[in-house]
Structures are given as structure tokens and as C-alpha cells.
Amino acid sequence: MIVSSLETSSPETKTKGEEKKKKTGRKVPPILVYAVLAVGLFGIGILSLKFGSIQLSTGEILKVLISGQDSLSELEVPHSILIWNLRMPRLVLSMLVGACLASAGVCIQGLFRNPLVEPGFIGVSPGAALAASTWIVFSEKILTFFPAELKGKESFLLQLCAFAGALSVSFFLHIVSKREGGGFSLVLVLAGIAVNATVVSLLGFLSYLADDTQLRNLTFWSLGSMAVASWHKIYLLGAVLLLVTFFFPVLARGLDALALGEAEAFHTGFKVRRIRNLTIVLASLLVGVSISICGNIAFVGLIVPHILRMVLGPGHRTLLPASLFGGALLLAIADLTARTIAFPSELPIGIIAAGIGGPFFLFLILQAKRREGEFR
């Protein structure tokens, strides 16, 4: 009877399932993707706490995490300091930065209606790094009347400058895109290349003006690193990410509407200008604060959304939260690789991200070139 029931209901169920997959573009149920990402985050979290200059066992890690400081033996106290003061802040910061950059990538791709756009590729991340570097070099030379705590790389004004730099580039590119009729175009690509070239030139000029200490800081911006992790930076970036996630439902509906075209979105009742401006501000906030803390890290906003879009479809209601977790996983893996691949030395995480992202971007270009009409 059971077999008979399955035989009669299976074709209809199969047809409905196929129609649903075709409609949403999903190849894998979202709950399964979230489960894989959660397992991956837990696994990379244990590995990140385990490996380093001193290797800890899983039992030692769990005991430090679960037990209070008073219940640890004298030999276990250094393990607690190692985990809570060094490895855990670094792990959490890498996850937050990855989540921010991947979420910003989804927003910018949705805004320009092209999955090959990335904050670093079109100059948004370099714009944030340039603004932050300008603040580091000139704040102490020009703003001599400012209190010492408001100048240099430890000031909260550094984050504001980076945000302003990312926001300026985003609005500039958006204006270019609007003049070309909206969306993605060759002119936008060229504008992004021009912005990147200008930023590189200005960073070189800043390097010429900088003293030895400032020059080391500028090198940090260009390569990226999680070695600066601290709990107050984590609280700052966590607060920014939490603020943006409150807007995820609004962003998801707006970006889904923009995918149909701005005119279509407007005629279906969406306030297109408000959606555009909100997307630019929130994406710039995520990129600017992330870059100001850990330096310029490219391609996270390209790789993660693209892979997840292939399995979850283009709908932003699932793509945005999934990219948040996917970005956290990717950058935690990249940071662990940067710390261990050349041990006892440490590679800048920007090199690892670029080493993965460059070939992946080339693969996407070759794949897209096979599809007629993919580029305009």
C-alpha cells in the first residue's frame, strides 16, 4: 500500500518540486546550506584555536572554553590566556570581517545587477583604505590641536574616514552607472579600474610622505592582517554588522525588486531611490569599518555570494544571511592558512584572499564568456 501510495504521489510531488526549484533557482534546500555552514564554522573554530605556536588538544580547548578561570589548574592558565587573549579575538574578528565583506558584496552585486561586481574590484575597498591611510599620515601632521587619542590609527575617526572613502566611491560609481542607464556596463568597469589606479597612485604618494612608523601602517593597509584583533574592535565591528542585519529584510525585498529593473520596481510600488541610497550606505559602512580595522582584503565579496547563488538561487532573502555565514567561514579558513602555511612566519591574509580570488575570478570570466549575452 505504501509503495502504491508513493507510486501515485511521486510524479506529482516531483513535478511540484521541479517547478519550485525552477522558480527559485535553488539546487539545494537553504536549511541544508545553513547546516553545512554551521558545521564548517564550528570545525574551523576548533582548528583555529588548536593550531599555532603552541598546539592545544581539543580537550584542552573545550575545558578552557567551558570552565571558569578559577577552576583551571596552574598549567592550564597559560592556555586560557592564549585562547581568550590571542586566538579567540583573531578568530572572531576574521569571521566578522568575512561576514561584512560578503554581505557588502551581495548588496553591491544586487545594486548593479551583476554577480561579477566586488567591492575591491570596483574601487570601494581601495577607496576606504585610501581614506584611512590619508587620516593616518595627515591627522598627526595637520590636526596638531586635536587631542592625541583622536589622532592616528587608534582613533575612532579612522573608521569614519574609511566609511566616508567607501561611501564616496560607491556614490561616484552609482552616478556613472546611472548615466549608462543603470546596472553594470563596460564604462563602470573602466571607472572602477580608473579608481583603483588613482588609489594606488595616491597611496604611493602617501608612502613618500610618511615616516617609518606611518609607512609600516600603510603596508598593513595594502596587505591586510588579523594580527590587530582586540575585543573592542570586535565589539565595534559586531555592532555595525548587527545594525546592518536589521535591514536585511528591507534590503532583500528591495534588491529582488531591482533585479527586475528600476522602472519595473518603481511601478510595483518600491521606492527605488530610497532602496539605492540605503544599499550604498549600508554596504559602504560594512566595507569601510572592516577595511579600517584589518586592511584591504579583496575578493571575499565576489567568491562567497557567487558560490551560494549557484546553490541557493538569486533570491536575496536567503542569499544575504547565507553569504554572511559563508564569508565568515571563508575568511576564518584564510586566516588559519595565513597563520600556519609558512609557520613560524605569517603571511598577510590579503595575499591568501587574492591568491584564491584571482583564479576564481578568471574562472568566472571564462565561464560567463561561454554564455552569449552575459556581458554588456
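# Exercises on a predicted model

Glutamate 346 is partly exposed, with a relative accessible area of 38%. The model is predicted. The exercises below start from this residue and its partners.

**Exercise 1. Find the salt-bridge partner of glutamate 346, and say which parts of the chain the pair joins.**

Step 1. Look for the partner. The side chain of glutamate 346 meets that of arginine 90 in a salt bridge, at 2.4 Å from N to O.

Step 2. Place both residues. Arginine 90 belongs to helix α4, while glutamate 346 sits in the loop between α14 and α15 (349-369), so the pair ties together parts 256 residues apart in sequence.

Step 3. Check the cover on arginine 90. Its relative accessibility is 10%, so arginine 90 counts as buried. The cut-off for buried is under 20%.

**Exercise 2. Count the salt bridges and trace how their residues are linked.**

Step 1. Count. There are three salt bridges. One of them is the pair of arginine 90 and glutamate 346.

Step 2. Take the pair of aspartate 335 and arginine 90. These side chains meet at 3.0 Å, N to O. Aspartate 335 is in helix α14 and arginine 90 in helix α4, so this bridge ties together parts 245 residues apart in sequence.

Step 3. Take the pair of aspartate 335 and arginine 339. Their closest N and O atoms are 4.0 Å apart. Both residues lie in helix α14, four residues apart, about one turn of the helix. Both are buried. For aspartate 335 the relative accessibility is 3%.

Step 4. Join the pairs. Arg90, Asp335, Arg339 and Glu346 form a linked network of salt bridges.

**Exercise 3. Decide whether leucine 331 is buried or exposed, and list its contacts from farther along the sequence.**

Step 1. Locate the residue. Leucine 331 is in helix α14, which spans residues 316-340.

Step 2. Read its accessibility. The value is 1%, so leucine 331 counts as buried.

Step 3. Set aside neighbours within four places in sequence. Leucine 331 then contacts Ser94, Val97, Gly98, Met226, Ile297, Val300 and Ile349.

Step 4. Compare sequence and space for one further residue. Isoleucine 352 is 21 residues from leucine 331 in sequence, and their C-alpha atoms are 9.5 Å apart.

**Exercise 4. Work out how many disulfides there are, using cysteine 294 as a test case.**

Step 1. Recall the bond. A disulfide is a covalent bond between the sulfur atoms of two cysteines.

Step 2. Apply the cut-off. The two sulfur atoms must be within 2.5 Å.

Step 3. Test cysteine 294. The closest cysteine sulfur belongs to cysteine 100, at 9.2 Å, so it is too far for a bond.

Step 4. State the count. There are zero disulfides.

Step 5. Add the cover. Cysteine 294 is buried, with a relative accessible area of 0%. Cysteine 107 is buried too, with a value of 0%.

**Exercise 5. Identify the residues of the nonpolar surface patch and the element that gives the most to it.**

Step 1. List the members. Leu62, Leu65, Ile66, Trp84, Trp231 and Tyr235 make a nonpolar surface patch of about 600 Å².

Step 2. Sort them by element. Two or more residues come from each of α3 (58-66) and α9 (231-245). The most come from α3, which gives three residues.

Step 3. Examine tryptophan 84. This residue is in helix α4, residues 77-112. Its relative accessibility is 32%, so tryptophan 84 counts as partly exposed.

Methods
Residues numbered from 1 in each chain as written. Predicted model: local features only at pLDDT ≥ 70, side-chain atom pairs only at ≥ 80, totals over all residues. Heavy atoms only, no water. Buried < 20%, exposed > 50% of the residue type's maximum accessible area, 1.4 Å probe, protein only. Contact = heavy atoms within 4.5 Å. Patch = residues over 30% accessible without salt bridge, like charges linked within 9 Å, V, L, I, M, F, W, Y side chains within 5 Å. Areas by Shrake-Rupley, 256 points an atom, 1.4 Å probe, with all protein chains shown as cover.
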